[in-house]
Amino acid sequence: MSFKKHIDSHGNYFEFTEIKNSTPTIFIHGVGLDNTMWYPQKKYFNHKSVIFYDLLNHGQSISGYRNLSFEIYSNQLLNIINELKLEKINIVGFSIGALIAQHFAEKFYEKINKLVLIGSVYKRSDKQIETVQNRYREAVNGKSITIDSINRWFSEKYLNDNPQVYDFFYNLLEKKNNEDFLPAYKIFVNSDNYQINYKNFNMPTLVMTGENEVGSTPLMSEGISKEIKNSDLYIIRNAKHGATIEQAETVNKKIYKFFF
């Protein structure tokens with residue numbers, strides 16, 4: 001099934017497939033990326049009702065925001081839901097997408113059927129915060145953080161065996177506009193300042209991360225899972241931050257089983 005491509009009245013770009021009488025699943029990508037990072041999931045779930053969109057200041061969605069917030073990103077998601085006249089949705093959020101999903105769920109929990117969080121940060125230590133702040137300062141000062149990111153996301157063996165994956169992410173990250181990227185990266189860096197109230201998280205939730213993840217560690221996912229009473233925790237073996245690619249088959253099957 002081929003994806004329909006659409007830019008809505010708010011300037012949000014998304015691609016989707018529509019299956020009648022089914023709950024659609026919305027995928028939210030990571031910072032500095034766009035909907036194309038989900039290429040294994042697009043192939044695997046193309047017979048289901050799915051929506052892949054570009055965050056503000058990313059991909060083909062409207063850009064130019066110099067101040068962003070989780071509230072702005074939650075409203076972007078709400079606008080897409082309203083544009084498509086959806087009553088209930090599933091959400092798969094990755095990295096900053098997982099944070100956006102949680103902030104959205106805090107406020108609009110009644111709209112969510114099921115929730116999947118992949119590679120989310122949670123209560124970073126002072127050292128972990130310092131590490132990501134240093135990376136942000138490097139980006140602000142014009143230094144490319146692309147190669148460091150790719151090496152942090154994938155195992156060395158996987159990159160050696162799959163040079164096309166390295167090239168894909170290198171080209172995607174290098175083409176981003178820093179004036180658009182940095183405001184989004186800033187709220188990711190400072191995400192610990194925006195506490196999430198999990199009181200109304202009653203939807204079934206699957207929390208996942210890679211066992212070798214250094215930025216969104218298994219301990220962090222364990223903490224999120226403890227916060228959400230109706231949740232399951234799954235640690236993805238032989239994976240880092242790029243688990244949706246490097247261990248795509250495992251991740252896709254896990255999501256499929258959880259939703260369907």
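User: In this predicted model, at what angle do helix 5 and helix 7 pack?

Analyst: The model is a predicted one. Helix 5 covers residues 146–153 and helix 7 covers residues 163–174, and their axes lie 10 Å apart. The packing angle between helix 5 and helix 7 is about 140°.

User: Which word describes how helix 5 stands to helix 7: parallel, perpendicular, antiparallel or oblique?

Analyst: The two helices pack at about 140°. An angle has to be over 145 degrees to count as roughly antiparallel, and from 65 to 115 to count as roughly perpendicular. The angle therefore makes helix 5, relative to helix 7, oblique.

User: Is the crossing of helix 5 and helix 7 left-handed or right-handed, and which residues of helix 7 are met there?

Analyst: The crossing of helix 5 and helix 7 is right-handed. From helix 5, the residues in the contact are T146, I147, S149, I150 and W153. By class, the contact holds seven nonpolar residues, two polar and one charged. On the helix 7 side, the residues met are Y166, F169, Y170, L173 and E174.

User: How do helix 2 and helix 3 stand to each other?

Analyst: Helix 2 comprises residues 70–83 and helix 3 comprises residues 96–108; their axes come within 9 Å and cross at roughly 75°. Angles of 65 to 115 degrees count as roughly perpendicular. Helix 2 is therefore, with respect to helix 3, roughly perpendicular.

User: How many nonpolar residues does the contact of helix 2 with helix 3 have?

Analyst: Helix 2 contributes F70, E71, Y73, S74, N75, L77, L78 and I81, while helix 3 contributes I96, L99, I100, H103, F104, K107 and F108. Three residues of this contact are polar and two are charged. The number of nonpolar residues in the contact of helix 2 with helix 3 is ten.

User: What is the relative direction of helix 4 and helix 8?

Analyst: The axes of helix 4 and helix 8 come within 11 Å and cross at roughly 165°. The crossing of helix 4 and helix 8 is left-handed. Since angles over 145 degrees count as roughly antiparallel, helix 4 and helix 8 are roughly antiparallel.

User: Which residues of helix 8 make the contact with helix 4?

Analyst: From helix 4, the contact draws on V132, Q133, R135, Y136, A139 and V140. The contact as a whole has nine nonpolar, two polar and two charged residues. The helix 8 residues are N178, F181, L182, Y185, K186, F188 and V189.

User: Which element gives the largest share of the lining of the largest pocket?

Analyst: The largest pocket holds about 410 Å³ of space. Among its 25 lining residues, V132, R135, R152, W153 and F188 are the closest to the centre. Helix 4 (126–140), helix 5 and helix 8 (178–189) each give two or more residues to this lining. The largest share, four residues, comes from helix 4.

User: Which residues are the closest to the centre of the second largest pocket?

Analyst: The second largest pocket has about 220 Å³ of space. Its lining comprises 14 residues, and these divide into three nonpolar, seven polar and four charged. The closest to the centre are N57, H58, G59, K176 and N177.

User: How many charged residues line the largest cavity?

Analyst: The structure has one cavity of 30 Å³ or more, and the volume of the largest cavity is about 40 Å³. Its lining is formed by L33, M37, F94, W153, F154, F169, G242, T244 and I245. Seven of the lining residues are nonpolar and two are polar. The number of charged residues in the lining of the largest cavity is none.

Terms used: Residues are numbered from 1 along each chain as its sequence is written. This is a predicted model: local features need pLDDT of at least 70, side-chain atom pairs count only at pLDDT 80 or more; totals for chains, interfaces and linings use all residues. Side-chain values use heavy atoms; hydrogens and water are left out. Axes are lines fitted to C-alpha atoms, for helices over the stretch in contact, and angles run from 0 to 180 degrees between N-to-C directions. Angles under 35 degrees count as roughly parallel, over 145 as roughly antiparallel, 65 to 115 as roughly perpendicular and the rest as oblique. A crossing is left-handed if the near helix is turned anticlockwise from the far one by less than a right angle, and right-handed if clockwise. Contact means heavy atoms within 4.5 Å. Ala, Val, Leu, Ile, Met, Phe, Trp, Tyr, Cys and Pro count as nonpolar, Asp, Glu, Lys and Arg as charged, and the others, Gly among them, as polar. On a 1 Å grid over the protein atoms alone, a cavity is a set of points where a 1.4 Å probe fits but cannot get out, and a pocket is an open set with protein on both sides within 12 Å along at least five of seven lines; lining residues have an atom within 4 Å of a point. Grid points are joined across faces, edges and corners, and a volume is the space filled by probe spheres set on the points.
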